[in-house]
Amino acid sequence: MYYIGIDPGLKGKIAIIKDNEVLEVIGIPDRSQPEEFRNLFQKYYSKIGKKSKNIMIYLEKPIIKPMIGKKPCPKCKTPMVYQYQQKGIANSHINYGILLGVIIDKGIPYEEISSQEWKKYFNLIGEDKKSSIAKAKQLFPDATDLIGNNDNIAEAILIAEYGRRKHSS
């Protein structure tokens, strides 16, 4: 069974695992190259056949979480509390929508999951990105060099592994 974990962020990654092995990690395609999105899963999908149930995609849903900051009032310079959007949130939603469209068009089984769902499973709620890297390296020691210090790779692998464990139980 192939499990594909997708972190749709601007620098997001797509991890493909089978059994207990990371087969490949690829970057989210450039939106200016729509053909790359169309062909994204073709390598694995054509290998196992369109009617096969040996592939499952776990796509992380981007969240909109307003951030709270302080800045001085332009007139009186008194600190004011204001809300702003996370950096790159629009890109995550655009990538998410394109990826979801490709997945649905190809008829590949998928499940949308929240970051809170898979992070809770791995006890990573409230932890920094370094914790995701450490957890991915712990679970996949053969992929330590591939993961390096890249939290996007680590999180895509963890999303796929979460899906594998959820599917297996």
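These exercises work through the fold, the sheet, one helix and the cores of a predicted model.

**Exercise 1. Outline the fold of the protein chain.**
Task: State how many helices and strands the protein chain has, and in what pattern they follow.

Solution.
- Step 1. Count the elements. The protein chain holds 7 helices and 7 strands.
- Step 2. Read along the sequence. The pattern is β-β-β-α-α-β-β-β-α-β-α-α-α-α.
- Step 3. Check burial. Of the 169 residues, 41% are buried.
- Step 4. Check contact range. Take contacts between residues at least 6 apart in sequence; 56% of them join residues at least 24 apart.

**Exercise 2. Find the edges of the sheet.**
Task: Determine which strands stand at the edges of the 5-strand sheet.

Solution.
- Step 1. Write the order. The open sheet runs β3-β2-β1-β4-β7, with mixed pairing.
- Step 2. Look at the ends. β3 (21–27) and β7 (110–114) each have a single partner strand, so one side of each lacks a neighbour in the sheet.
- Step 3. Add the twist. From one strand to the next, it averages 20°.
- Step 4. Inspect one pair. β1 (residues 2–6) and β4 (residues 55–61) run parallel, joined by 5 bridges.
- Step 5. Place a residue. I6 sits opposite L59 in β4.

**Exercise 3. Test the length of helix α7.**
Task: Compare the expected span of α7 with the distance between its end C-alpha atoms.

Solution.
- Step 1. Take the helix. α7 covers residues 151–168, which is 18 residues.
- Step 2. Apply the rise. At 1.5 Å a residue, α7 should span 26 Å.
- Step 3. Compare. The end C-alpha atoms lie 25 Å apart, which agrees.
- Step 4. Look at the start. A side-chain oxygen of N150 comes to within 2.8 Å of the backbone nitrogen of N152.
- Step 5. Check cover. α7 is mostly covered, with 13 of its 18 residues buried.

**Exercise 4. Assign the nonpolar cores.**
Task: Identify which element gives the largest share of the largest nonpolar core.

Solution.
- Step 1. Size the core. It has 24 residues, and V22, W118, I147 and I157 have the most contacts inside it.
- Step 2. List the contributors. β2 (13–18), β3, β4, α5 (129–139) and α7 each give two or more residues.
- Step 3. Pick the main one. α7 supplies the largest share, 8 residues.
- Step 4. Follow one residue. Leaving out residues up to four places away in sequence, I157 touches A15, V22, V25, F140 and I147.
- Step 5. Note the other core. Apart from this one lies a core of 18 residues, including I28, I55, I57 and L59.

Conventions: Residues numbered from 1 in each chain as written. Predicted model: local features only at pLDDT ≥ 70, side-chain atom pairs only at ≥ 80, totals over all residues. Heavy atoms only, no water. Pairing = 2+ DSSP bridges. Helix = DSSP H or I, 4+ residues; strand = E, 2+ residues; numbered from the N terminus. Axes fitted to C-alpha atoms, helices over the stretch in contact; angles between N-to-C directions. Expected span 1.5 Å × (residues − 1). Buried < 20%, exposed > 50% of the residue type's maximum accessible area, 1.4 Å probe, protein only. Polar contact = N/O pair within 3.5 Å; in protein donor to acceptor, adjacent residues only side chain to side chain. Core = buried A, V, L, I, M, F, W, Y, C linked by side-chain atoms within 4.5 Å. Contact = heavy atoms within 4.5 Å.
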